[in-house]
There are 2 protein chains.
Amino acid sequence: MEQASTDRPGTVSAHSGDACVIGVDYGTLSGRALVVRVSDGAELGTAVHEYKHGVMDTTLAATGEALPPDWALQDPEDYRDVLRQAVPEAIARAGIDPSLVVGIGTDFTACTVLPAMADGTPLCQAPGLAGRPHAYPKLWKHHAAQPQADRINALAAERGESWLARYGGKISSEWEFAKALQLLDEDPDLYRLTDRWIEAADWIIWQLTGVETRNSCTAGYKGIRQDGRYPSPEFLAGLDPRFADFARDKLEHPVLPLGARAGSLTAEAAGWTGLPEGIAVAVGNVDAHVTAPAADAIAPGQMVAIMGTSTCHVMNYDRLAEIPGMCGVVDGGILAGLWGYEAGQSGVGDLFAWVVDHATPQSYEQEAARRGISLHDLLSEEAAAQPAGAHGLVALDWLNGNRSVLTDHHLSGAIVGLTLATRAPDIYRALVESTAFGTRVIIDSFAEAGLPVTELVIAGGLMKNGFVMQVYADVTRRPLSVISSEQGPALGSAIHAAVAAGYYPDVPQAAAAMGGRLETVYQPDPASADVYDRLYAEYLLLHDYFGRGSNEVMHRLRALRDETIAEEAGQLGSVQ
Amino acid sequence: MEQASTDRPGTVSAHSGDACVIGVDYGTLSGRALVVRVSDGAELGTAVHEYKHGVMDTTLAATGEALPPDWALQDPEDYRDVLRQAVPEAIARAGIDPSLVVGIGTDFTACTVLPAMADGTPLCQAPGLAGRPHAYPKLWKHHAAQPQADRINALAAERGESWLARYGGKISSEWEFAKALQLLDEDPDLYRLTDRWIEAADWIIWQLTGVETRNSCTAGYKGIRQDGRYPSPEFLAGLDPRFADFARDKLEHPVLPLGARAGSLTAEAAGWTGLPEGIAVAVGNVDAHVTAPAADAIAPGQMVAIMGTSTCHVMNYDRLAEIPGMCGVVDGGILAGLWGYEAGQSGVGDLFAWVVDHATPQSYEQEAARRGISLHDLLSEEAAAQPAGAHGLVALDWLNGNRSVLTDHHLSGAIVGLTLATRAPDIYRALVESTAFGTRVIIDSFAEAGLPVTELVIAGGLMKNGFVMQVYADVTRRPLSVISSEQGPALGSAIHAAVAAGYYPDVPQAAAAMGGRLETVYQPDPASADVYDRLYAEYLLLHDYFGRGSNEVMHRLRALRDETIAEEAGQLGSVQ
């Protein structure tokens, strides 16, 4: 076995030998560490650590206190535990000498954001604050800051803030400013104690290096940082006078490009991980965005769709366009030197799971059990056996709201065309198709803005479902490429680690060597595609009718639901 | 025990003693006989005979020949078997001397119609014709005559036929003329051999009495007989020159009012039934219509909703109005001397069964099994536990098409407002509510035409579901009355038998003595009714959007479905 090279050439060379990097992917419920060979991206070993506290969405673990609806917190110690548990375990499984490891990179869910003290201590770990819900990291899917997001959007529209169009016209309640404003509104003392308002993506780098850094991806997509500036003090003061200096005081920090070296592994972090002290640590990154280099799909026009419970679409382009309903466009948001575009669908695999869990009768469960296959596989098989159009259905895929291009989380799903002959595989297929139509809307929106998608690359768990993939090929009339790795985000983080460690001059060269995809894995069937053109026309009609204000029934139904439930809760409260 | 009175007073008297009548209700799969005491309507005994051939909708029993899609035939010998089996068994269960029986009345599904020879022999029982599908009775739900119905409607509209408005603007493919025209189109030889084209409702009376009669209910609602006339020879010739004399040759016959004596029981029929020869036989009638007197709800403004797999609404009024989308208005169609109105919803209990059978996961089935209750009961219980509006859904109840007021069987169902939190009881409740909204549309249409519904009376199997009933009370903002008898149609037939036998001077007096209902069994809850007013407004918006041409997506989806399935069948055919 060769020793890791100690000189760091501009491109990988024979000297890199068996040099390895670690990619750590921080997900919603667990973190995964992956050991990757620098020279060719070979994945040598991996391990997962489940967060002890998971998602705190009903009670705060420290006190047992009930949390309000729509809250979702995490415990930052769980993030450190991934370093302590998963990294050494992955090294052990890879069977390599830890001294071969030359760098570590990470990616995180986003916007997952926390209040910290000036030294990086999370407020929830500061003396006496463990019982304060607002002291904890707010997970990306913490949705309780919608009133604050509404205020931000209303004021931004009123003032004509130029950055608003970079986010498709709407700032999400999931992002840094809405969550910070909620903190200010609801726990102003804690807001004052907050020295730094920091993405978990950056906080974990602070833990590894001992120094604060900020990365261009989250600063841009989640922090409303555009053209080098955060929203102005005047704008922030309009939200709340106490909020005027929020960005200056709690966010402002030099922003590093993706793939840059944030610093070196501290002795303490070396102790946690068993890795050599002083190795390179890449700046923070985000799970979806880091997947594009893992698929070696970072050229302009290569759209990577990371398809799981939801879908995130990332694509680079060499020019700026402001597209209604995209999640964001950020200079260097995916790759330094290009404009990174992000779009998304807030419910995809979640919808298919909904059919499996809540709308499929016992007979199918028994059949799946008898054959020893999953209910997903059985429904996919039966759905795949139908010709396109045979179920007579069209659905709107908004059971979890709509992210792109309507940016409206208060929309809901619809199914049209039901008959007494409709069966679970029909509904399953209709929902799969509806999510593919949703993807086509996004692709079409980019094309209309002058940014055509030249290649559609699939990553994420759903890439394993051949039926879903074929529907997407047929609906989009495109051959689908599929990422080679099953650990796209962790591999993407490892690629950034290799660049930070100086083994490659930039992310594209590292991606070419270490990432990859299979091209034209699924070919569109012209006959099905013709049928889908007709169904897509129906989808668009309903999309605009329900989604663009012709009939606000979905909003009214939701308001009625919330009102009714609140009234009942009130009545129960007054009785008890 | 007193003997049956032999004199027949104008109103029932002590002389009626223990005189009894038989009501026979011919349903889709079986016939039921009910022994009823003339004096007070007491139900003394009942028996059911399942048709040996049931519904022939895939193959013709006599030959095993496959039937085309949408066909539904029956074997008339099954109807005679009900007389042979169910009537004696009901008498035996009642424990009465058959000599006490003074009359027999029947009701039938409609339009169930058959070709017969001049002596009443069904063509399928004529020598050599048992293998010809068109020789058999076409059951009400035989839906293969839609092309013929389309021709009838187009020509009637073109010629401005005055009778068209009496049927809400559309003649159904289920009715006598469409089915006869299909016979002419597809088996003209058999059409020529048809001396009489007769409702099974009238044919069974012919079997009991030996003489042909026609009743005002089926002649009006299913036979397009208005103001004493069938459609003109000119109109019929416009459909097909060979069809010009159809009504004159094969339908025309004196039409008797409901409750009239059609004749006397023949010796042969007395042999089948064990009843005394010569007793009164009432003219034919229809299951839904005959239920109104069974509920003693035949005054103007009393709407009886017979709620089962589908719902039929019948109501008398003293004046004529032509209401878009009603099934028909017929002078004396329900009760001699009043205009009888009929409307309908083509899918009601069928929709709830669809949720139970095809959209409810295993966990509910297990819970129901564990508690020893039906899945309907479990879903009803969970749905009932929600406040109105809490599920955030609104549905269109057209999974089996729409009869009133849109008269469009190619519409389909829709559910709007789905989220990942939607569960089977939510969908169950939303569909129950949607059928109640459908009923409210019908009630409102009558009111707008100047025929207000003053009392809503429920009959049929769904009256046992307290949750469904409460939703209907809340949605319609009306107290609900419920028919007293669980055998509404058979009791209604028995009431007509008592009138035909002369024990009462007319149906209203017989209904007052023998029929009945419980008033105000369900009271609307004002708070729920307020919520339903809002949901009903949403229902109406979607009703008109999808049902009145704003978006013909449901028709296009159906056409695409049929086209796709036909293409695949063609491809399979060409391969095999």
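1. Contact here means heavy atoms within 4.5 Å. In that sense, and leaving aside neighbours within four places in sequence, Asp57(A) is in contact with Leu67(A), Trp71(A) and Ala72(A). The model is a predicted one, and this note goes through some of its parts in turn.

2. Asp57(A) belongs to the loop between β3 (43-50) and α1 (76-94) of chain A. Buried would require under 20% relative accessible area and exposed over 50%; Asp57(A) has 40%, so it is partly exposed. Its C-alpha atom and that of Asp70(A) are separated by 7.2 Å, with the two residues 13 apart along the chain.

3. Another loop residue of chain A is Thr266(A), placed between β9 (261-264) and α9 (267-273). Outside its neighbours within four places in sequence, Thr266(A) is in contact with Gln207(A), Leu208(A), Thr209(A), Gly210(A) and Glu277(A). The C-alpha atoms of Thr266(A) and Gly301(A) are separated by 39 Å, and these residues are 35 apart along the chain.

4. Chain B has an open sheet of six strands, in the order β3-β2-β1-β4-β10-β9, with mixed pairing. At its edges are β3 (43-50) and β9 (261-264) of chain B, each of which pairs on one side only. On average, neighbouring strands of this sheet are turned by 20° against each other, direction ignored.

5. Within that sheet, β1 (residues 20-26) and β2 (residues 30-37) of chain B run antiparallel and are joined by seven bridges. Asp25(B) is one residue to look at here: opposite it in β2(B) stands Arg32(B). Strands of a sheet pair through backbone hydrogen bonds, either parallel or antiparallel.

6. Which strands does helix α1 (residues 76-94) of chain B lie across? They are β1, β2, β3 and β4 (101-107) of chain B, and the helix runs at about 150° to β3(B). Helix α16 (residues 488-500) of chain B lies across β1, β2, β3, β4, β9 and β10 (280-282) of chain B, at about 135° to β1(B).

7. A four-strand open sheet draws on both chains: its order is β15(A)-β16(A)-β16(B)-β15(B), and the pairing is antiparallel. The edge strands, β15 (394-396) of chain A and β15 of chain B, each pair on one side only. Neighbouring strands here are turned by 10° against each other on average, direction ignored.

8. Two helices of chain B pack on this four-strand sheet. Helix α14 (residues 424-448) touches β15 and β16 of chain B, and its direction makes about 55° with that of β15(B). Helix α18 (residues 526-547) touches β16 of chain A as well as β15 and β16 of chain B, with an angle of about 35° to the direction of β15(B).

9. The link between the chains in this sheet is the antiparallel pair of β16 (residues 413-418) of chain A and β16(B), joined by five bridges. One of the partners in β16(B) is Leu418(B), which is bridged to Gly413(A). Three bridges join β15 (residues 394-396) of chain B to β16(B), also antiparallel; there Leu396(B) stands opposite Ala414(B).

10. Is β16 (residues 413-418) of chain B enclosed or open? Six of its six residues are buried, so the strand is largely enclosed by the rest of the structure. Helix α3 (residues 176-186) of chain B is likewise largely enclosed, because nine of its 11 residues are buried. Among those buried in α3(B) are Glu176(B), Phe177(B), Lys179(B) and Gln182(B).

11. The largest nonpolar core holds 330 residues, and Tyr341(A), Phe546(A), Tyr341(B) and Phe546(B) touch the most other members. Beyond its neighbours within four places in sequence, Phe546(A) is in contact with residues of both chains, including Leu396(A), Trp398(A), Leu411(A), Val416(B), Leu542(B) and Phe546(B). A second, separate core has 44 residues, among them Leu123(B), Leu190(B), Tyr191(B) and Leu236(B). In soluble globular proteins, nonpolar side chains tend to be buried together.

12. Seven cavities of 30 Å³ or more turn up in a search of the whole structure. The largest has a volume of about 70 Å³. Of the 14 residues lining the largest cavity, Gln345(A), Asp397(A), Trp398(A), Asn402(A) and Ser404(A) lie nearest its centre. At least two lining residues come from each of β14 (339-345), α14 (424-448) and α18 (526-547) of chain A.

Note on methods:
Residues numbered from 1 in each chain as written. Chains lettered and ligands numbered in written order. Predicted model: local features only at pLDDT ≥ 70, side-chain atom pairs only at ≥ 80, totals over all residues. Heavy atoms only, no water. Pairing = 2+ DSSP bridges. Axes fitted to C-alpha atoms, helices over the stretch in contact; angles between N-to-C directions. Core = buried A, V, L, I, M, F, W, Y, C linked by side-chain atoms within 4.5 Å. Buried < 20%, exposed > 50% of the residue type's maximum accessible area, 1.4 Å probe, protein only. 1 Å grid on protein atoms, 1.4 Å probe; cavity = no way out; pocket = protein on both sides within 12 Å on 5 of 7 lines; lining within 4 Å. Points joined across faces, edges and corners; volume = space filled by probe spheres on them.
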